[in-house]
Amino acid sequence: MAIFIPKGICSREINFEIHDDLVSNVRFVGGCPGNLEAISRLVEGMPVNKVVELLKGVQCGEKPTSCSDQLAQALESVCVSNTAR
């Protein structure tokens, strides 16, 4: 289970797993429960690169980021650190 501490959003933590390059068990701590549960369900079983492609750059109102953008950044950070090994 990866744990990511997001910046600039209402959620305080994003937890997720990646198995065989597929995203699973995404859970947001804090934030808008309905929207974040929907995001979690929609990305379940999707390839990491597809989730990043769809969610990276999404903004929340006037904020320069969003919970979905932070999830994309979290996935990228885990994939980059796994590739560096």
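Start by selecting Thr65 and Gln70: their side chains make a polar contact at 3.0 Å. Keep in mind as you zoom in that this is a predicted model.

**Stop 1: around Thr65**

Stay on Thr65 and show the helices on either side. Thr65 sits in the loop that runs between α2 (48-55) and α3 (67-84). Is Thr65 buried or exposed? With a relative accessibility of 7%, Thr65 counts as buried. To see what packs around Thr65, leave out anything up to four places away in sequence and select Lys7, Gly8, Ile9, Val58, Gln59, Cys60, Gln70 and Gln73; Thr65 touches each of these. Gln70 turns up in that contact list, and Gln70 is also the partner in the polar contact you began with.

**Stop 2: how far to trust the view**

Before moving on, colour by pLDDT. The protein chain has a mean of 94, and 93% of its residues reach 70 or more. Which element has the lowest confidence, and which the highest? The low end is α3, with a mean of 86, and the high end is β3, at 98. Where pLDDT is low, the predicted coordinates should not be read in detail.

**Stop 3: the sheet**

Now switch to cartoon and pick out the strands. You have an open sheet of 3 strands, ordered β1-β2-β3 and paired antiparallel. The edges are β1 (2-4) and β3 (22-29); each has a single partner strand, so one side of each lacks a neighbour in the sheet. Ignoring direction, neighbouring strands here are turned by 20° against each other on average.

Go through the pairings one at a time. Between β1 and β2 there are 3 bridges, and the two strands run antiparallel. Select Ala2 and you'll find Phe16 of β2 standing opposite. Then move across to the other pairing: β2 (residues 13-19) is joined to β3 by 6 bridges, again antiparallel. Two pairs are handy for checking the register: Asn15 opposite Arg27 in β3, and His19 opposite Leu22 in β3.

While you're on β3, click Ser24, which lies in that strand. Ser24 counts as buried, at 11% relative accessibility. Leaving aside neighbours within four places in sequence, the contacts of Ser24 are Phe16, Glu17, His19 and Glu44. You have already met Phe16, opposite Ala2, and His19, opposite Leu22.

**Stop 4: the turn between β2 and β3**

Follow β2 to its end and select Asp20 and Asp21. Asp20 is in the loop between β2 and β3, and Asp21 lies in that loop too. The hairpin has 2 residues between its strands. What is unusual about the backbone here? Most residues other than glycine have a negative phi. Asp20, however, has a positive phi of about 50° without being a glycine, and Asp21 has a positive phi of about 65°, also without being a glycine. Turn on the surface and compare the pair: Asp20 counts as exposed, at 76% relative accessibility, whereas Asp21 counts as partly exposed, at 41%.

**Stop 5: the helices**

Next, select Ile39 in helix α1 (residues 33-43). Leaving aside neighbours within four places in sequence, Ile39 is in contact with Phe28, Leu55, Ser68 and Leu71. Try a distance label from Ile39 to Leu55: the C-alpha atoms are separated by 9.7 Å, and the two residues are 16 apart along the chain.

Then step to Leu54, in helix α2. Leu54 counts as partly exposed, with 48% relative accessibility. For a longer line across the model, label Leu54 to Val26: they are 28 residues apart along the chain, and their C-alpha atoms are separated by 16 Å.

**Stop 6: the cysteines**

Finish by showing the cysteine sulfurs. How many disulfides does a search of the whole structure find? The count is 0. Cys32 is in no disulfide, and the nearest cysteine sulfur, in Cys10, is 5.8 Å away. Cys32 is partly exposed, with a relative accessible area of 43%. Now select Cys67. The closest cysteine sulfur to that of Cys67 is again in Cys10, at 6.3 Å, which is too far for a bond. Cys67 is buried, with a relative accessible area of 14%.

Conventions:
Residues are numbered from 1 along each chain as its sequence is written. This is a predicted model: local features need pLDDT of at least 70, side-chain atom pairs count only at pLDDT 80 or more; totals for chains, interfaces and linings use all residues. Side-chain values use heavy atoms; hydrogens and water are left out. Helices (H or I, at least four residues) and strands (E, at least two) are DSSP runs, numbered from the N terminus. Buried means under 20% relative accessible area, exposed over 50%, partly exposed in between (1.4 Å probe, protein chains only). A polar contact is a pair of N or O atoms within 3.5 Å; within protein, one must be able to donate a hydrogen and the other to accept it, and residues adjacent in sequence count only if both atoms are side-chain atoms. Contact means heavy atoms within 4.5 Å. Two strands pair if DSSP finds at least two bridges between them. Axes are lines fitted to C-alpha atoms, for helices over the stretch in contact, and angles run from 0 to 180 degrees between N-to-C directions. A disulfide is a pair of cysteine sulfur atoms within 2.5 Å. pLDDT is the predictor's confidence in each residue, from 0 to 100.
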